[in-house]
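Here's a quick briefing on side-chain contacts and a bit of surface. Have a look at the model first, then we'll go through it by topic.

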Amino acid sequence: LVFFAQEQKTSKIETSIINIESAHKSEYKKDPVNDGDCILLNGEVKISVTKGSNKTTIYADFVNYNRSTEMLYAEGNVHIVSKQSGSEDSTTANSILLNTRTMEAIFDDGRVVMGNTDAFSLPEGSVLVVFSDVFGKTDTNVISFKKSSLTFCDEEDPHWQIKASRTWLLPGGEFAFLNAVL
């Protein structure tokens, strides 16, 4: 099942393609709050959102996609794989709320693992790992973390980490911290 969402950007229309790849059970309902059309998916759900050359695949136990608002909510064993510009990022979280038109998202209690990308030039085999209670990603790829721990060590008990009340990953591979401790 495939859906299209469109966004107007300076006379160019960008389309998001939402593809339901698998689910044990699907259900179609009206949203009681805003009267929108909702698709509910349960059981080993795999859904992908493709926008231009970027593809985000979401794995979860439950997904609610509101076609009217273009908002996707996923919870339970959430794992997100994002592929863009030849790089791949992996995120796990308890839940995610994703605007499929803008690709802005809010994650609950998650972990982001980023490899070498256009934004981050890391040594071969290195990864950036950030744990956070709550974090969000804007359409300009700024990621903001609350109560986070950042490290380049992918071990269960990292050799070092920077803990901060707020952390921002900014375009150009820059970081910003508030109340940070190494």
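Let's start with Glu70, which is buried, as its relative accessible area is just 15% and the cut-off for buried is under 20%. Keep in mind that this is a predicted model. Glu70 also has a charged partner, so salt bridges come up before the aromatic rings and the nonpolar patch.

**Salt bridges**

- The count for the structure comes to four salt bridges.
- Glu70 pairs up with Arg101, and their closest N and O atoms are 3.9 Å apart; that makes the cut, because the limit is 4 Å.
- Glu70 sits in the loop between strand 5 (54-66) and strand 6 (71-84), while Arg101 is in the loop between strand 7 and strand 8 (105-114), so this bridge ties together parts that are 31 residues apart in sequence.
- Unlike buried Glu70, Arg101 is partly exposed, at 29% relative accessibility.
- Lys46 and Glu21 make another salt bridge, with 3.2 Å between the closest N and O atoms.
- That one joins strand 4 (residues 37-51), home of Lys46, to strand 2 (residues 12-22), home of Glu21, so parts 25 residues apart in sequence are tied together.
- Both ends are partly exposed: Lys46 has 26% relative accessibility, and Glu21 comes in at 33%.
- Lys29 and Glu27 also meet through their side chains, at 3.3 Å from N to O.
- Here too the partners are partly exposed, with Lys29 at 40% and Glu27 at 29%.

**Aromatic rings**

- Searching the whole structure turns up five aromatic pairs.
- One of them is Phe152 with Phe175: the ring centres are 6.4 Å apart and the planes meet at 85°, so it's an edge-to-face pair.
- This pair links distant parts of the chain, 23 residues apart: Phe152 is in the loop between strand 10 (143-151) and strand 11 (162-170), and Phe175 is in strand 12 (residues 174-178).
- Phe175 also pairs with Phe177, this time stacked, at 6.1 Å centre to centre and 15° between the planes.
- As for cover, Phe152 is partly exposed at 31%, Phe175 at 30% and Phe177 at 32%.
- Add Trp160 and you've got the full group: Phe152, Trp160, Phe175 and Phe177 form one aromatic cluster.

**Nonpolar surface patch**

- Leu97, Ile106 and Val134 make a nonpolar patch of about 230 Å² on the surface.
- Leu97 belongs to strand 7 (residues 87-99).
- With 34% relative accessibility, Leu97 counts as partly exposed, and it clears the patch cut-off because that asks for over 30%.

Methods. Residues numbered from 1 in each chain as written. Predicted model: local features only at pLDDT ≥ 70, side-chain atom pairs only at ≥ 80, totals over all residues. Heavy atoms only, no water. Patch = residues over 30% accessible without salt bridge, like charges linked within 9 Å, V, L, I, M, F, W, Y side chains within 5 Å. Areas by Shrake-Rupley, 256 points an atom, 1.4 Å probe, with all protein chains shown as cover. Helix = DSSP H or I, 4+ residues; strand = E, 2+ residues; numbered from the N terminus. Buried < 20%, exposed > 50% of the residue type's maximum accessible area, 1.4 Å probe, protein only. Phe/Tyr/Trp six-rings, centres within 6.5 Å; stacked < 30°, edge-to-face > 60°.
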